[in-house]
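Student: I have the sequence and the structure open, and I'd like to go through them with you. Let's take it one question at a time.

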Amino acid sequence: MEDTKTYSSSTERVAIPTLRPRHVPDVPEDVDFLLEHLNDPNYDIKKHPLPSPTSEHSPDSFEMNRKHLRMSYDHSEMDTDSRFGSDRWTPSRAESRNSAVDFDDESPYPEVRAAVSSIDDPLMPVNTFRMWILGIFFSIFVPGINQMLSLRYPSVFITGIVVQLISLPMGKGLERILPTTRFRTFGYVWSLNPGPFSIKEHVCITVMANVVVAGAYATDALMTQRIFYKQELTFGYQILIVLSTQIFGFSLGGVLRQFIVWPSSMIWPGALVNSALFNTLHKNFGKSDRGHMSRERFFVIAMACSFVWYWLPGYLFTALSVFNWVCWIAPNNVAVNALFGTNTGLGMGILTFDWSMIAFIGSPLVTPWWSEMNTAASFVLCFWIIAPILYFTNTFFSAHFPMSAYTSWDNTASPYSPTAIITNGVFDVEKYKAYSPLYMSVTLILAYGISFASFAAVFVHTFLWFRRDIIRRFRNTLKDERDVHSRLMLAYPEVPHWWYAIIGIVTVVALCVAVEIYPTQLPIWAALLGVFLASILSIPLGMLQAMTNQQVPLQVMHELIAGYILPGRPTANVLFKTIAYIGTSQAITFSGDLKLGHYMKIPPRTMFMVQLVAATISCFVVTLVQDWMFSNVVDICTPKQAQGFVCPSSNILIPTLVLPIGALAPIPFYFLARRFPLSFWRYINMPVFFAGVGAIPPGTGINYASWAIVGFIFNYFIRRFHFRWWMRYNYILSAALDAGVAISIVVIFFCVMLPKGGIEVNWWGNTVWQNTADAMGTPLYILRPDETIGPSTWS
């Protein structure tokens with residue numbers, strides 16, 4: 001008989017033989033590990049080692065796993081760090097690890113490691129005089145210019161990346177000219193110039209710009225009330241509506257931090273691009289690393305090339321932008337133009353040589369490849385297969401209109417006139433019967449239906465995949481997060497939830513006052529329903545945005561809800577949609593900037609102040625600018641306005657069918673992913689599948705096809721086979737391409753197109769795409785002069 005060795009110590013390690021890995025994991029440890037990360041497609045389960053049975057008790061086995069995790073990643077080569085060079089706040093391995101909780105000094109996501117520093121210096125100046133001066137300047141200048149130009153066609157916008165680039169030399173200039181004298185105020189020592197212009201000051205200035213670049217969505221609702229319903233609006237009403245809808249989203253984003261900001265799985269790809277650019281601009285990468293070009297030099301070269309190249313598709317050879325090359329061969333063939341056109345067609349030509357067209361729905365270098373493939377599959381199915389079938393069979397009378405357009409028509413194929421069915425701001429049934437039903441292009445019909453499906457899919461997908469995470473995070477604080485960035489943020493006092501709650505309560509009260517005192521047709525209970533809808537949608541939509549870089553546009557669903565609960569009240573419908581949509585949208589926008597602050601280690605209370613101040617200032621600026629323009633610009637928002645201020649942004653089918661489809665679609669893929677956790681099923685995301693095509697129309701096939709192709713090349717092929725290059729340059733390249741195009745657009749618009757009526761370049765390369773049935777919007781069926789579309793009577 002063999003001797004049996006007794007187990008004599010609680011610290012003695014027992015060797016357990018390593019088992020051969022299987023595709024179907026063992027239980028319970030392996031299954032727990034897989035299921036914990038199964039709802040995160042960005043987490044590569046196959047490349048991360050499964051926890052061994054002894055890992056919970058064995059420091060040696062834990063350290064071996066850590067070394068295995070880091071084999072493909074070298075911190076000194078891949079990460080950037082604080083330009084102040086302090087690592088005294090970085091927890092060591094011993095300090096950040098215990099036997100019960102797995103802490104790591106690096107993010108498990110390569111995207112984050114490539115863009116974000118894993119060290120911090122809490123003494124770096126951030127809340128400075130020059131930060132506030134530049135931030136407030138951009139909070140006034142940027143929304144003012146963008147609001148004015150948003151009413152013009154063609155137009156251009158100052159983007160956040162432009163501010164990110166030009167604010168750096170401005171900050172460096174203030175560093176040189178401001179006095180360094182120190183002042184003492186109430187015991188607090190401060191200076192106009194505390195030292196070198198820091199990366200954290202730069203981040204705060206850019207965040208203030210990011211908050212305001214899009215203006216205020218509520219101004220479109222106010223414009224609709226002026227143009228279509230001929231209402232006179234007081235400044236008090238306008239500012240209450242704009243302030244309450246914008247700032248409520250800010251408060252909502254702050255309350256939801258533990259769900260969509262603090263968790264490491266919420267990577268926010270858009271914030272990673274900003275982070276990579278900040279580190280590139282501020283850290284001196286002048287010396288080549290093992291023969292590689294520095295990121296700083298790479299960025300400058302790529303941005304310069306992008307700036308120069310855009311002059312071709314953007315001004316000198318615009319056919320390279322739309323690139324409907326098949327239509328050039330058969331310019332009068334309506335069927336060919338409907339399929340291959342890029343103005344009113346489906347864009348089956350696939351290619352474009354214009355980065356602004358490729359990145360029309362977001363940079364393909366930023367969006368994860370699995371998210372892009374969901375969107376691409378949806379686009380091909382819905383718009384390259386279903387749409388042509390519906391169009392060429394004249395379903396919904398769609399062949400009487402262009403294949404793809406964002407316009408609605410009446411039964412004479414003329415643009416639909418909303419004023420023809422409105423009396424004193426209320427829908428008039430008799431006028432509607434005397435006028436016409438409303439008709440839409442086939443792509444717009446599909447877009448509406450897909451929007452309904454995405455609404456249902458969001459709730460079901462979130463319940464299936466994230467219900468346990470959401471319930472658990474109701475009780476979580478920042479101290480419960482394990483990743484290195486959350487632990488570094490513990491050096492700063494957090495913003496209490498009640499700060500955001502008070503702002504939310506104040507804005508809701510202001511909203512109720514506005515809709516009650518002024519003739520909006522919107523009862524308070526409906527306004528509160530819009531607030532509630534915005535609140536419950538913020539978590540699932542924020543999670544999708546954070547993980548996929550895809551937005552889920554639900555304005556159509558909000559319109560449908562308002563139409564059911566408030567029939568015949570168009571003003572109330574517009575305001576309800578504004579409240580429900582912009583509340584969620586602003587919450588996601590502010591959360592994305594909070595994640596950027598989280599990555600860049602900005603003190604949370606400073607971030608709170610810069611976001612609140614910028615948002616408040618911009619509300620007054622955009623309201624004053626729009627009010628002034630309506631009072632002083634002749635013929636504004638009319639098709640023949642001399643300077644082009646035509647107000648382009650001013651310009652229900654099958655819900656019972658597509659809502660169940662959207663609700664049922666996520667279920668089979670959820671169970672398939674759980675049954676086969678290492679298969680591709682976990683990458684199928686039905687909310688992204690439905691919502692990813694929300695930019696059609698006006699987006700077309702060349703936008704989506706070229707976006708998916710470029711995304712596949714960079715985020716799948718290069719990331720898989722040239723990982724070190726991807727880690728070093730991918731996000732820098734995305735920022736450089738965006739920056740070059742943005743600067744080029746501004747230069748072309750203000751230096752070439754705007755002065756003295758503009759300088760036109762008339763040659764074949766700028767006119768060939770315009771002389772086609774696609775550009776002219778020619779429908780498949782042309783009406784006779786005495787003919788109308790559809791039934792002779794309707795109700």
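Tutor: One term before we start: pLDDT is the predictor's confidence in each residue, on a scale from 0 to 100. We need that term here since what you have on screen is a predicted model.

Student: Got it. For residues 652-657, under what value does pLDDT stay?

Tutor: There are 10 contacts beyond four places in sequence in the model for residues 652-657. Confidence there is another matter, as pLDDT over this stretch stays under 50.

Student: And over which other residues does pLDDT stay under 50?

Tutor: The model gives that stretch 112 contacts beyond four places in sequence. Still, pLDDT stays under 50 there, and the stretch is residues 50-101.

Student: Which element has the highest mean pLDDT?

Tutor: For the protein as a whole, the average pLDDT is 81, and 83% of the residues score at least 70. Going by elements, helix H3 (residues 75-78) has the lowest mean, 34. With a mean of 95, the highest belongs to helix H15 (residues 334-340).

Student: Let's turn to helix H24. How far apart are its end C-alpha atoms?

Tutor: H24 runs over residues 570-599, so it has 30 residues. At 1.5 Å a residue, it should span 44 Å. The model agrees with that, since the end C-alpha atoms are apart by 43 Å.

Student: How many residues of H24 are buried?

Tutor: Take buried as under 20% relative accessible area. H24 is mostly covered on that count, and of its 30 residues the number buried is 28.

Student: Which residue with a positive phi follows H24?

Tutor: Look just past the helix for a phi near 60 degrees. The residue that follows H24 with this positive phi is Lys601.

Student: How are H8 and H24 oriented, roughly parallel or roughly antiparallel?

Tutor: Helix H8 (residues 218-227) packs on H24 with the axes 9 Å apart, at an angle of about 175 degrees. Angles over 145 degrees count as roughly antiparallel. So H8 and H24 are roughly antiparallel.

Student: And how many charged residues are in that contact?

Tutor: H8 brings Ala218, Ala221, Thr224 and Gln225, while H24 brings Thr571, Val574, Leu575 and Thr578. They divide into 4 nonpolar and 4 polar, and the charged count is none: no charged residues.

Student: Over to the loop between H28 and H29. Which residue does a cis peptide bond join to Ile696?

Tutor: Its place is in the loop between helix H28 (686-691) and helix H29 (701-721). Omega of the bond is about -25 degrees, and the partner of Ile696 is Pro697.

Student: What is omega for the cis peptide bond joining Pro697 and Pro698?

Tutor: Pro698 is also in the loop between H28 and H29. For the cis bond from Pro697 to Pro698, omega is about 15 degrees.

Student: Trp268 has a positive phi. Is this residue buried or exposed?

Tutor: Trp268 is in the loop between helix H10 (257-260) and helix H11 (269-282), with phi near 50 degrees. Its relative accessibility is 5%, so Trp268 counts as buried.

Student: Which residue of helix H22 touches Trp268?

Tutor: The one to look for is in helix H22 (residues 524-548) and is buried, at 12% relative accessible area. Its contacts also include Pro269, Gln550, Gln551 and Ile588. Ile260, 285 residues away in sequence, is 9.2 Å from it, C-alpha to C-alpha. The residue touching Trp268 is Gln545.

Student: Last one: is Ile759 buried or exposed?

Tutor: Ile759 is in the loop between helix H30 (723-753) and helix H31 (764-767). Beyond four places in sequence, Ile759 touches Tyr315 and Val752. Its relative accessible area is 53%, which means that Ile759 is exposed.

How values were computed
Residues numbered from 1 in each chain as written. Predicted model: local features only at pLDDT ≥ 70, side-chain atom pairs only at ≥ 80, totals over all residues. Heavy atoms only, no water. Helix = DSSP H or I, 4+ residues; strand = E, 2+ residues; numbered from the N terminus. Contact = heavy atoms within 4.5 Å. Expected span 1.5 Å × (residues − 1). Buried < 20%, exposed > 50% of the residue type's maximum accessible area, 1.4 Å probe, protein only. Axes fitted to C-alpha atoms, helices over the stretch in contact; angles between N-to-C directions. Parallel < 35°, antiparallel > 145°, perpendicular 65-115°, else oblique. Nonpolar A, V, L, I, M, F, W, Y, C, P; charged D, E, K, R; others polar.
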